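This briefing covers the sheet, one helix, three ligand sites and some individual residues. The entry is shown first.

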Amino acid sequence: MYKTDYGDVTDALDRPLRDLRVSVTDRCNFRCTYCMPKEVFGRGYQFLPRDLLLTFEEITRLAKIFTAHGVEKIRITGGEPLLRRDLEQLIHMLTKLDGVQDLTLTTNGALLAKKAQTLRDAGLQRVTVSLDSLDDTVFKLMNDVDFPVERVLEGIEAAKEAGLYPIKINMVVRRGLNEDAVIEMARFFRGTDCILRFIEFMDVGTTNGWKLDDVVPAAEIISKIHQELPIEPVEASYRGEVAKRYRYIDGQGEIGMISSVTQPFCGDCTRARLSAEGVLYTCLFATAGHNLRELLRENRADEEIADLLRNIWAARRDRYSEIRTAETTPGHKVEMSHIGG
Ligand code: SAM
Ligand code: SF4
Ligand code: SF4
């Protein structure tokens, strides 16, 4: 019979498996220029057909196998996860799994005002909302579908009212585009229930035209903020925490820095990613993955999938961000909207 606890499985670099990011769709209602540029993800783009998407039952079955190997945290992502119909059903199913201590979701916030309460009622604990600027002109330039800031803020309010705490706000900072918004965003969210996290623009996928010159290094962002609003570092709360934490010295809360480019954190990377079509990736920058959907649909036993997962994780050597400059392999990296952030 399938065991429900295999204990920890560690990879070739001694990193346990703790987090699972599940992409529930490769579609999105935004066309953020750093993620799904319109020139590539335009009208003719072929998104995954419905029958290739994992069903909620399939996702839950896989999530159970992952939790048996040490996964404690599940993040639902995409594409835009709130586009997936009846998502709250999946949330509800995942809350029933043993061992899940943290169940959360990353969204662009466009549909959050409508869905926050339903998600909370289904058992979602908290949300991360992406917002790159408070200025409509800049934000619209970045989402490229003319979506106004105000509606994302309404989504954040609705999440607060529904009790989806603490809310994290993700801001991707891109040189020459929204770098001037850093202080305004910091001021806006400090002293609220939201933790703002600054993300260095990353070279995910192959379509976003990434250049090192477009990256605003975390150190620069920290120093900019510190000059205006003094901050100090805070100890990480657990191994594998992606964001480096800082607190305002005057007690007005915290911010985070996700500096995947200038200060990579591969040494503590405990994350696995499952694409919407059921392919397992062991790194955000992977060029290939392992198709678990096929195994599910061939009616393989959970035990067999569990064995495969153990072997895949045990062999994992990914540390793309650490070797990015020196020896990054060319290849067709999977897109962010496919694999999930
Ligand atoms: N659509 C949802 C959203 O935007 O929150 C969830 C998926 S999105 C791929 C997850 C996160 O990845 C978002 O916070 C987004 O800003 C971030 N992201 C996407 N492309 C990125 C890039 N090239 N560099 C850094 N972060 C990126
Ligand atoms: Fe969509 Fe999120 Fe990518 Fe923006 S970052 S295009 S909202 S998936
Ligand atoms: Fe993890 Fe890959 Fe990112 Fe390194 S580059 S932190 S291994 S996802």
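In this predicted model, twelve strands make up an open sheet of mixed pairing, in the order β7-β8-β9-β6-β5-β4-β3-β2-β1-β10-β11-β12. Its edge strands are β7 (231-234) and β12 (290-291), each of which pairs on one side only. Backbone hydrogen bonds link the strands of a sheet, in either a parallel or an antiparallel sense.

**Strand pairing from β7 to β6**

- Strand β7 runs antiparallel to β8 (residues 244-248), and four bridges join the two.
- Within this pair, V234 is placed opposite R245 of β8.
- β8 also pairs with β9 in the antiparallel sense, over four bridges; here Y246 faces I255 of β9.
- Five residues lie between the strands in the hairpin of β8 and β9, where G251 takes a positive phi near 85 degrees.
- The pairing of β6 with β9 is parallel and has four bridges, with F198 opposite M257 of β9.
- Strand β9 (residues 254-258) has four of its five residues buried, so the rest of the structure largely encloses it.

**Helix α6 against the sheet**

- Helix α6 (residues 181-189) lies across β5 (167-173), β6 (194-200) and β8, and its direction is at about 175 degrees to that of β5.
- The buried residues of α6 are A181, V182, I183, M185, A186 and F189.
- These buried residues pack against α5 (149-162), β5, β6, α7 (218-228) and β8.
- After α6 comes G191, which has a positive phi near 75 degrees.

**Ligand 1**

- Ligand 1 is surrounded by 20 residues, and the closest are Y34, G79, S130, N170 and M202.
- Two of these closest residues offer polar backbone atoms: a nitrogen atom of ligand 1 lies 3.0 Å from one in Y34, and a nitrogen atom of the ligand lies 3.0 Å from one in G79.
- A side-chain N or O atom of E80 is 3.2 Å from a nitrogen atom of ligand 1.

**Ligand 2**

- The shell around ligand 2 consists of C28, F30, C32, Y34, C35, M36, G79 and N108.
- By class, this shell holds six nonpolar and two polar residues, with no charged residues.
- Y34 and G79 belong to the shell of ligand 2 and are also among the closest residues to ligand 1.

**Ligand 3**

- Around ligand 3 are F265, C266, C269, R271, R273, C283, L284, F285, R316, D318, Y320 and S321.
- Two elements, β10 (271-274) and α10 (320-327), each give two or more residues to this shell.
- Its residues divide into seven nonpolar, one polar and four charged.

**Two buried strand residues**

- T128 belongs to strand β4 (residues 126-130), and T128 counts as buried because its relative accessibility is 0%, against a limit of under 20%.
- The side chain of T128 forms a polar contact with the side chain of R75 at 3.1 Å.
- Leaving aside residues up to four places away in sequence, T128 touches R75, T104, L105, T106, T107, K168, N170 and R197.
- Of these, N170 is also one of the closest residues to ligand 1.
- Y281 sits in strand β11 (residues 279-281), and its relative accessibility of 8% makes it buried.
- Ten residues separate Y281 from N291 along the chain, and their C-alpha atoms are 9.2 Å apart.

**Backbone geometry outside helices and strands**

- The peptide bond from Y165 to P166 is cis, with omega near -20 degrees.
- P166 is part of the loop between α5 and β5.
- D14 is not a glycine, yet its phi is positive, at about 65 degrees.
- D14 falls in the segment before β1 (19-23) and is exposed, with a relative accessible area of 52%.
- N299 likewise is a residue other than glycine with a positive phi, near 60 degrees.
- The loop between α8 (292-297) and α9 (302-314) contains N299, which counts as exposed at 69% relative accessibility.

Technical notes:
Residues numbered from 1 in each chain as written. Chains lettered and ligands numbered in written order. Predicted model: local features only at pLDDT ≥ 70, side-chain atom pairs only at ≥ 80, totals over all residues. Heavy atoms only, no water. Near = heavy atom within 4 Å. Nonpolar A, V, L, I, M, F, W, Y, C, P; charged D, E, K, R; others polar. Buried < 20%, exposed > 50% of the residue type's maximum accessible area, 1.4 Å probe, protein only. Polar contact = N/O pair within 3.5 Å; in protein donor to acceptor, adjacent residues only side chain to side chain. Contact = heavy atoms within 4.5 Å. Pairing = 2+ DSSP bridges. Axes fitted to C-alpha atoms, helices over the stretch in contact; angles between N-to-C directions.
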